[in-house]
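Please look through the model below slowly, following one part of the fold at a time. The explanation begins with the way strands are joined and then turns to a pair of helices.

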Amino acid sequence: LSQVRGEVELVRGAAAEAYRLAHYESRDPDFTAEVLEPLRRAARAGKVGVLLLGPTGTGKTHLARAFHYESTRGRGPFVVLDCGQVTSAEGLGAELFGFAKRSGFSAPVEGRLGKAELADGGTLFLDEIGALPLELQQRLLRLIQTGRFSPLGSAEEREVDVQIVAAANQDLDDQIRQGRFREDLYWRLAEITVRVPTLDRRRADIRGFADIFLRAARQRFQRPELEGFAEESYSALIDQDWSVAGNLRGLEHAVNRSVLLAPAGTARLAGSMLMLEPLRRKAGATDTPEESPASAL
């Protein structure tokens, strides 16, 4: 047990070193002022509700993890629950609050800990919080307000000390107006609201991100001969509309594909070697008559 604890501490120490907000370097002054600085201040505040808003692929999970390690809870666990990945309210409730012993559900006789209990002393990151069913929102609100919850199949209360960081890919205002998201829960989650911009609004950082992703891909795919990008490749990456090409995640995938498929012996990735996906259409865009499938027939 002592050996395992030592190994856990080493892993946590390495993660903390890799994810500290202090290690973020941005050439975009707006990103520094509107994203990094509020998170740094919130991290010093002890226990505060943080809501990250931004499109898919903008790095919200990475920022949440960095915020955790920057905070006073950095030595505690960082636990992730993607509310959009569980289709039923019962299943999501079990993931969040766990099963009691001999609960009668399809769980081990000894029960199962939920994410809330696993995050005790640390941070619980709730991704896609807008997908949380109404019947669970009241229970989450009570957890935030009192630190208490009951596992499924039990009236017994347990107490935990968790910090909640939530994320959504769009504002929750419409859901609140439609009665699908509790306003009181929103204000508990959004003591600090940070809007994470799309990558095309951070073009000054694209070159740095591309270099980081290339170094990781070079090691992953065993391509030590790749030294970097040719200058025209940087221009192509900066000109790409990443808001409809996956944002940070899309850039990482494009670099990974380019490194993996580059011809043997390549020292620098030329622009012609970049494996960029075709751009997806922006929401609300419509075909012009010349572009519509029907007009092409």
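Two strands are said to pair if DSSP finds at least two bridges between them. In this predicted model, strand 5 (residues 123–127) and strand 8 (residues 163–168) are paired in the parallel sense, and four bridges link them. To find one of these places in the structure, start from T123, whose bridge partner in strand 8 is Q163.

This pair belongs to a wider arrangement, for strands 5 and 8 are part of an open sheet of five strands, which has the order 2-5-8-1-9 and parallel pairing. At the edges of the sheet lie strand 2 (78–82) and strand 9 (192–195), each of which pairs on one side only. As you pass from one strand to the next, the twist averages 20°.

From the sheet we can turn to the helices. Two packed helices are described by the angle between their axes and the distance between the axes. Helix 4 (residues 89–97) and helix 6 (residues 134–146) pack at an angle of about 15°, and their axes are 10 Å apart. Because angles under 35 degrees count as roughly parallel, helix 4 and helix 6 are described as roughly parallel to each other. Their crossing is right-handed.

Which residues make the contact between these two helices? Helix 4 contributes A89, L92, G93 and F97, while helix 6 contributes E135, L136, R139, L140 and L143. Sorted by character, the residues of this contact of helix 4 with helix 6 comprise six nonpolar, one polar and two charged.

Conventions:
Residues are numbered from 1 along each chain as its sequence is written. This is a predicted model: local features need pLDDT of at least 70, side-chain atom pairs count only at pLDDT 80 or more; totals for chains, interfaces and linings use all residues. Side-chain values use heavy atoms; hydrogens and water are left out. Axes are lines fitted to C-alpha atoms, for helices over the stretch in contact, and angles run from 0 to 180 degrees between N-to-C directions. Angles under 35 degrees count as roughly parallel, over 145 as roughly antiparallel, 65 to 115 as roughly perpendicular and the rest as oblique. A crossing is left-handed if the near helix is turned anticlockwise from the far one by less than a right angle, and right-handed if clockwise. Contact means heavy atoms within 4.5 Å. Ala, Val, Leu, Ile, Met, Phe, Trp, Tyr, Cys and Pro count as nonpolar, Asp, Glu, Lys and Arg as charged, and the others, Gly among them, as polar.
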